[in-house]
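Q: Could you walk me through how to read a few features in this structure? I'd like the general idea and then the actual case.

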Amino acid sequence: MRRPIIALSALTASFALATLLSATTSNSMYSQSYPAVVCPPTLGGLSSQISISSTKTQFQRLENRSTKTIPFNTLRYAVPKDSLVVSATGVTPVVWQSRSNSWAGGAICSGPITSAWFVGGSSDVTTRGKLIIVNSGLSEASVDVQAYSENGVQPATTLTLKAKSYSALPLDSLATGDKALTVHVLARAGRINAFMVDELGAGLRALGGDFVNPVTAPATTVVIPAIPNQLPKKGQKAFATHTLRILTPFESDAKFTLELLSADGNFIPVGFDSRSILAGKVTELKISPELSASAFAVRIKATEPIVASISSKVAINGRNDFLWSTPTPALTKMSMAITGLSPLIAFAGDSIDVKVAVTLINGKKSFATIKASDIATWRIPNAARSITIISSSRDTYAGALVASSNGYGYLPITAGSVLTRVEIPHSNIKVLNP
Amino acid sequence: MAAQAALDENRVIAIIVTHDGQIWLPETVASLTSQTRAVDEIVAVDTGSIDATVQLLKSARIPVINTDRDSGFGEAVSIGLNSFERSSDAVTEWIWLIHDDCAPAPTCLEYLLAAVIDRPQVAMVGPKLLGWHNRTHLLEAGISIAGNGARWTGLEPLEYDQGQHDGIHDVLSVSTAGALIRRDIFEELGGFDKNLALFRDDIDFGWRARVAGHSVIAATSAVVYHAQASASERRSVDVKGAFLQRPLLLDRRNAAYVLLANSTWWMIPWIAIQLLGSAMIRSIGYLLAKLPGYASDELLAVATLLVKPGTIIRARRERKENRFVSSRVVATYIPPRWSQIRLSGSRLLDKLRSRLLPENSDSSTSVLESIEDEDLLVPAKGVSWLSIFRKPAVAGFISLALLTLIASRMRLGSLIGGALPASPDGARDLWRSYFESWHQVGMGSSQASPPWIAILAVCASILFGKAPLFLTLFFLSAPLAMMASALRLFKKLTQNIWISVPASFIYALSPVAIAAINSGRLATVVFLIVAPQIPILLTNWRGIEKHSWRQIFTFSLIFAFLYSFTLVAFLICSGLAAIALIGDYQDYSKSRNKTLFLERLKRRLSLVFVPIILTAPYSFEAFISASKFLSEPGMSLSGGPAQLVILGNPGGAGSLPWWLISPLLLIIIIALFTSSAAKTIALYGTGFLSTAVIFSTFSTATHGDSGQSRVWVGTFLVGATLAASAAGVVILDRIRAVLVTTNIHFRHILAALLLVATGVYSIAALGWSLTAGATSPVQSSRSTVMPAFLTAEKDTKTIVLREIGSSDAKSIQFYISRGKDITLGEPDVAPKQLSEISIAVQALIDGSGISSSEVFADFGIKYVFVKLPFGRDVIRTIDSFGGFTRASATSTGVVWRVAGVTGRLVLVGEDGTRTLLETGDVGARTRVEHPGRVLLTESFDRSWQILENGYRLERVKSQQQLPIFIATEAGEISLLHDGTIRRAWLSFEIIVWILVIAFATPSGRRKREISESELA
């Protein structure tokens, strides 16, 4: 009887041991990295500065044939001409461009895109805007550009870009003569980034300008979290005017409702409840709310996927300028370099609870918690080099408004490049077996 | 009366040639004196007998002429004949040759003379020769010679004489024992050839008589009983030229002499080849039978003749004088090759049959007993052929065959999938893969091919080289083979066919059997077939000293066969040997019998390590790369977790689902607590199961898979399954009698539980196999991974990227293709991937692969192929990198060409210019136009050589670990992979296999060791 019991015990012990040792075997290993981001080139007559969070951040000039990278050695880098490829490692650099005494605007440097919708710009006689398409890859790229206007869908254009090059398309070539433009850039092959500069002028008189920041895809709910509301100065009665530009790019018409979120309260402006728009045609609608707050947000809910943005007219130093406030995705953990800028950040959401860390130029950190409902604004200290969203409540959106001597600008608070988790492929001869 | 008168016209001189023949002589003499037609003259010629032969002859009043002991038979006959003057009467004189070991029947001479009365053309007539001891056995009725020199009688061995060959037949020749030869022709032809002192002189004389225009007949009414004392080594052979007194050597030498001296001249080269070839084959046979003396006789016989061509030339000149017709007249008497093959085949089959199916004397029943009260004239009642299907074994096999056919409906073609790569079209490819020293897999490999490739090549060769057909048939018939093998074992455990047949049926349906077949596990399937035979053969594992060394070597061969497929067999064998050695040591501690302990130790170590030597160098490589001990042929596929394994299910692709639980564990546990032999069997089963459970936690990276795969423990589970099945058989066999005779108690419940569990499992497993199991990984398929245009370029390296795995757990994997899909045997020698290539591929995927194309070009990789479906982002990412140009995009995938000059052999000039050189499969012969470095994009191996103008170029290792050769001048170069080491290993392997087979085969007996009754 002894041997059977020993045998059974051995079996039980081996099973117990095996169960303990048995860790799930997975052949999948991953590498995580932030893809390098691309900043827009500096077009003629403009000046450009890139805010970086670390002097050691590496970059390379787009048109350099060498693929070697070098450090910035500064926290705010003046870009002479080229588009820059920046190894930002998770902190999104911000580019601030301006034309002296004319306009200023900001854009985030971002990773390669597959699709970008620019709701902004114009193709009429006043426009001097450009659609900039950058190919930061080492081989030829192919891009489709599809424009929409108030007259409907325009003929699509396919562009081929050489390796490490960019192309600046005049906006008036996309829907000549049309006023309200929306452009869809679709990358077919290559490492593509796209930027839009909307600049207006009448003769020699500059009418302002701004970057139009893109959205990746149409959605049925969009939130534009930061729209500047320049209050009338003494003696002025009129409030600032804003224009909603909206497009449902697919085949069905849509109905949308616009809700305005401000410190003065939430409301649907007159005429914006279940408003119909035609499919494929860009619609512009004026909004002139009488608000006391310096910034407000809008939330648009539509029956079909839409893209939208709001242009706001502002005056600075006696000159007119405008800026494009665009929708942002919901806040996630991210960091953004803001050296040299001291933006006003507007958070929008039903229940806002955001923890933010601010890193100052001297390296010190301060923390802030923003709690509110509907909308909250928060001014970042002057000496900040970067902000980090440590945590955020659900469905909270944020955008930044920047004022400078040359003009106003808008920045979406979103990561230019997200942490990419790529599976490390492993060698297995099985791939050669049908 | 006319016949009598005719007989009287003949004068018969009997010449008895004696040589130490006292044993047989009395009967010989007596038979001569009792002839119905008495001889006219008689004389005995004694060739120096040293026994009582001469005294016996003298006492019989037979005149004796003494001659030298080394005198040949022909010489003795001449001496005897010369003692008689030629008769002056008008009678025909005949010489009747009598050996001292032959006894003519009383009517022999009468019938011999009667046969030649009306046949004046006959020069020689011979009787029917019957056995001396068994006088019903037919020895000869005329003889001839085969093309390979064999003595040809056209009879079956020990053929029973029923008069089936009776009559008067024209033959090439007859034996000199009892032959009657016309004296005038004998003298005219010069008698027997002096060079043929003994053996084959009869055939030579017959042949010469035939070409001289005479006839030779065999008259079977005349009978002579012959002891064949010289041929069967019953006495020494002392004739001149009988080197070392070896009758076989003399026989073979004389056979060759007869053929070479008498055949037409243009046949001589062909005959010489046949003689040499057959001598070599026979000597190998003798070596295997451990008769080295006979083996050397075979070779020496031909050699002694061929080194003296003058003898043959003289003999041919002499024969030419008396040749009146062409030598080809004998062609009708030379046995056709087909008859020789048929007879050899028939003999081989008889031997096999007698060995495999020994006649069971106990089972024979008397007809009288069976039909005791019936009329003997009433024919026995026939059995309806349909009744055969009512036999459980037949019904079981037929059912299993039908079920297997249905379950294998997706496998009726060239098999592929699971662990099984595509099989090459022909056995030749398998042989090449086995013999070649360099394998074009991945970046190339010099690993030794596993011996199972050679076994598969042999099997495919039997099917005219159709390797895919063999594999299909193998997997189709595997369940039947498993059942047959298990049934043979279970029949030894129970007499009850209703237990053994279902048990063997379930064994063939066990979880491990189903999983092994479904996932193409060659080794496990072979194990399942062979494993039941091991306990049948190795009956005394504990007292192993009872097995002879011959048996030990036989077992070693069987184990080597298993080692050839997987070295898990070595682990199992080592484990069992280690456990047994502990027991041996305990026995030694008690008995202090050192001799016994050492005998056991030697045998056990031989069983474990002789197969290792037999499977070298493949097995030796495992000691360097330990994961090979746990690997199976083909692709590396994960096995199941311990939770499945403990239930007897090896898990992995193609295995039964977890909820289909076999009763294996239940049976083993029940058997552990019985008091029968089932307990011992269950102890082994527990051991196998525990080992399987432990090993199921191991993971290895092998066979071209850099990822960790859980070890497949199917091979261990074969042991557990067999033990559980055998234990179940023993339990049921024993308990049946108890259950029948007792009231219902716990044993009834346990037995019912066991049967119900087994029944439910069997039905469910069958159902699963016929439905979901039919779509298992192994299926017949003709699809390929590589697009056709990539296979057009010979030996082009292509990185292939694929997403592999189930829909919810896909992972990106890659490998380097040599322009084709993987085939059988290649995963087993696949090298590990070089880290530089892995990093470059990873960079392709994660988007940082700016320099990937340069790395690929450095390693001679010309294309990147992404097999669809695959992530579009990665495809776009590759598009965005420099150095890759899209070559095609189809529904099967996207192909990019890697920029730059790259290929297998590249000449890099001093200025860095790269020139692609032509290359073959492995070696190459091409020209370099200027000095430079010749880069070979294969893994570095010391056997790579380049010869330029007869000189070996200096070889260095590049940064990428590739071989580079420094060419100092322009000229022709020859690239080769020196396979000397591989050839040396193969030679070693062949020698070891021959030796072990020789040790394992039963020893042959010298003719002198064969009993006389066996000789007839």
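Q: Let's start with sheets. Which strand is joined to S13(A) by eight bridges, and which way do they run?

A: Keep in mind that this is a predicted model. For a strand, ask which partners it has and in which sense each one runs. Here, strand S17 of chain A (residues 181-189) is joined to S13(A) by eight bridges, and the two are antiparallel. To find the register, look for a facing pair: Asp144(A) sits opposite Leu186(A) in S17(A).

Q: What else pairs with S13(A), and over how many bridges?

A: Strand S13 (residues 141-149) also pairs with strand S15 (residues 157-161) of chain A, antiparallel over five bridges. There, Val143(A) is opposite Leu159(A). Then there's strand S14 of chain A (residues 152-153), antiparallel again, with two bridges to S13(A). Ser149(A) has Gly152(A) as its bridge partner in S14(A).

Q: How many residues lie between S13(A) and S14(A) in their hairpin?

A: Two residues separate the strands of that hairpin.

Q: On to the interface. How many residues of chain B are in contact with chain A?

A: Count each side, then see which elements contribute. Chain B has 59 residues in contact with 41 of chain A. Elements of chain B that each supply at least two residues to its side include helix H27 (664-672), strand S18 (797-804) and helix H32 (835-846). The top contributor is H28(B), with seven residues. By type, that side of chain B splits into 28 nonpolar, 23 polar and eight charged residues.

Q: Which strand of chain A pairs with S19(B), and in what sense?

A: When strands from two chains pair, read them just as you would within one chain. Strand S35 of chain A (residues 426-427) and S19(B) are parallel, with two bridges. The facing pair to look at is Ser427(A) and Phe814(B).

Q: How should I read a nonpolar core, and which residues touch the most other members of the largest one?

A: In soluble globular proteins, nonpolar side chains tend to end up buried together. The largest core in this model has 162 residues, and those touching the most other members are Ala671(B), Ala692(B), Ala723(B), Ala726(B), Ala727(B) and Ile799(B). Helix H29 of chain B (residues 714-741) gives this core the most, with 13 residues. A separate core of 115 residues includes Ala254(A), Met334(A), Val356(A) and Ile387(A).

Q: What does Ile799(B) touch, setting aside residues up to four places away in sequence?

A: Its contacts are Phe814(B), Ile816(B), Val841(B), Phe856(B), Ile861(B), Val864(B) and Phe865(B). You've met Phe814(B) already, as the residue opposite Ser427(A).

Q: Now a single helix. How many residues of helix H19 of chain B are buried?

A: Check burial residue by residue, then see what does the covering. In H19(B), residues 511-518, eight of eight are buried; among them are Pro511(B), Val512(B), Ile514(B) and Asn518(B). The cover includes helix H17 (467-493), helix H18 (497-508), helix H20 (522-530), H29 and helix H30 (746-770) of chain B. After H19(B) comes Gly520(B), with a positive phi near 70°.

Q: Last one: where does UniProt place the "transmembrane region" feature?

A: An annotation is best read alongside the model's coordinates. The unreviewed UniProt entry lists several such spans in chain B, including 452-476 and 711-732. Residues 452-476 are 84% helix and 0% strand, with end C-alpha atoms 19 Å apart. For residues 711-732, the figures are 86% helix, 0% strand and 34 Å between the end C-alpha atoms.

Notes
Residues are numbered from 1 along each chain as its sequence is written. Chains are lettered from A and ligands numbered from 1 in the order in which they are written. This is a predicted model: local features need pLDDT of at least 70, side-chain atom pairs count only at pLDDT 80 or more; totals for chains, interfaces and linings use all residues. UniProt positions are given in the numbering used here, feature names are shortened, and annotations may be inferred rather than shown by experiment. Helices (H or I, at least four residues) and strands (E, at least two) are DSSP runs, numbered from the N terminus. Two residues are in contact if their C-beta atoms, placed from the backbone, lie within 7 Å. Ala, Val, Leu, Ile, Met, Phe, Trp, Tyr, Cys and Pro count as nonpolar, Asp, Glu, Lys and Arg as charged, and the others, Gly among them, as polar. Two strands pair if DSSP finds at least two bridges between them. A nonpolar core is a set of buried Ala, Val, Leu, Ile, Met, Phe, Trp, Tyr and Cys residues joined through C-beta atoms within 7 Å. A residue is buried if 20 or more other C-beta atoms lie within 10 Å of its own, exposed if 12 or fewer, and partly exposed in between; C-beta atoms are placed from the backbone.
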